[in-house]
Every structure is written in C-alpha cells, then in structure tokens.
Amino acid sequence: MKKTCAIFDLDGTLIRQSSEKIFLKHLLNRGEIPISNLLSWTSHFLKVKSYTVAKSNKIHLRGLEQRNLIKLAHECFDNSLRASIVPRISTLIRTHRNEGRAVILMSGSLSFLVELFHNHFQTDFMVADELEVTDGRFTGNRVGLRPYAQNKAALAKELATTHGFDLDASYAYGNHHSDVYKLELFGNPVAVNPDRELRRIATERNWEIEL
C-alpha cells in the first residue's frame, strides 16, 4: 500500500492571516521588543524596499530570551491564533488523518509558532523557520533552509524520500504564488484562498481551488 501525506501551509491557508504579524502585535502591545531592534529592522526594510525580503530578517527578536518568548507565544495562541484557524481546513486535516495520510505542516513562520499548531492538530511532522539560540537568547539569525518558494519543494522532496511518501497520490495545500513549486510536485494540489497569481495558475492547470 502506498504511503501518502497531506502538506498544509499555515499563514493564509490554515489561518487567513500571518501568524508572525499577530505575534508581533502581541509582543508590541506588551512592550517586549526593544526600540533599538525595531529601528534596526526598519532600517533594513528601507534598504531592501521589500516586505517579503525584510520579513525574513528576524533582527527584531535579537537578544530576547527564548523561554520567555515561547511563553508569550503560548499566550498569543490562546488569545488570538487559535481563533484564527479556518474551520474548513481544520476539517480537512482530520479527514486526511482519518483516511490514513500523514499530515504535515510546512511554513516559513517561526518554528515555535508553527509548533503550537502542530501540537494542537497533532500533526505527524512540521517544517518551519528555525532561529539560532545562544545562551538561551535568540540571535536574530536563521538556522537551516528557510521554507519558502523553491525551498518548500526541496523540503517536500526530502520528506518524501525519508518517509517513502508517494507524492503523486498525496495532497498539498497553499495560498501564495510562491507555493507553486511545492504544489506542482503533488498529484492533488489545492490552492486555498489563493492570491491573484496562484488563482491564475490553478485555473490554467485545472487545480482544485478551496475558498
């Protein structure tokens, strides 16, 4: 019997918003981020002139204590993130599990945020953005491959090789046009609440669209 999986994106798919934006607002409301960090991040943003590029820089978390940040992440999940889960996608996760597929969360969001959803849904595997920690504090630097665009496809292939998943018989869900590289690897790609470009591609390729 073929081993299959269903890979879900988080931001814009499992939840309609950005988990990092929600968490950042949570941190700002509590005065947890030093002004110097915010100024450094803003300076970087003005230099690169791209939010997509700038948001991959985690300098705003530099020097923050890992244990405290994870505690605040749990607080944010209970207060905001859990309520943002899309019921229809939550149901799909349960359906895939009941049908015997491994369920995987793959997101470019921070690993300690993705882990909260991973634990909530008891998914089989998770892949997320890992940050470097030194002496119990975040350095602001990334560790390993960032799960974004082509990297998501590479990571999906790695999972398939490691665990023997048949991607032709598996499912993948994503909302952004950068998810195309991952979606096109699967026999059952699903565009969830897609942006304009992904909707165009999904329509041209006759992929399922989940609104």
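## Asparagine 193

Asparagine 193 is partly exposed in this predicted model, because its relative accessibility is 34%, and partly exposed covers the range between under 20% and over 50%. The residue sits in the loop that links strand E6 (188-192) to helix H9 (196-204). Its phi is positive, at about 45 degrees, although asparagine 193 is not a glycine.

## Asparagine 206

A positive phi also occurs at asparagine 206, where the value is near 60 degrees, again in a residue other than glycine. Asparagine 206 belongs to the loop between H9 and strand E7 (208-210).

Is asparagine 206 buried or exposed? Asparagine 206 counts as exposed because its relative accessible area is 70%, and the cut-off for exposed is over 50%.

## Strand E1 and its faces

Strand E1 spans residues 5-8 and is covered on both faces. Cys5 and Ile7 are buried on one side, while Ala6 and Phe8 are buried on the other. In a regular strand, side chains alternate between the two faces of the sheet.

## Pairing of E1

Which strands are joined to E1? One is E2 (residues 102-110), which runs parallel to E1 and is joined to E1 by four bridges. In this pairing, cysteine 5 stands opposite alanine 102.

The other is E5 (residues 171-174), also parallel to E1, with three bridges between the two strands. Here isoleucine 7 of E1 is placed opposite alanine 172 of E5. Cys5 and Ile7, which have these alanine partners, are buried on one side of E1.

Definitions and conventions. Residues numbered from 1 in each chain as written. Predicted model: local features only at pLDDT ≥ 70, side-chain atom pairs only at ≥ 80, totals over all residues. Heavy atoms only, no water. Buried < 20%, exposed > 50% of the residue type's maximum accessible area, 1.4 Å probe, protein only. Pairing = 2+ DSSP bridges.
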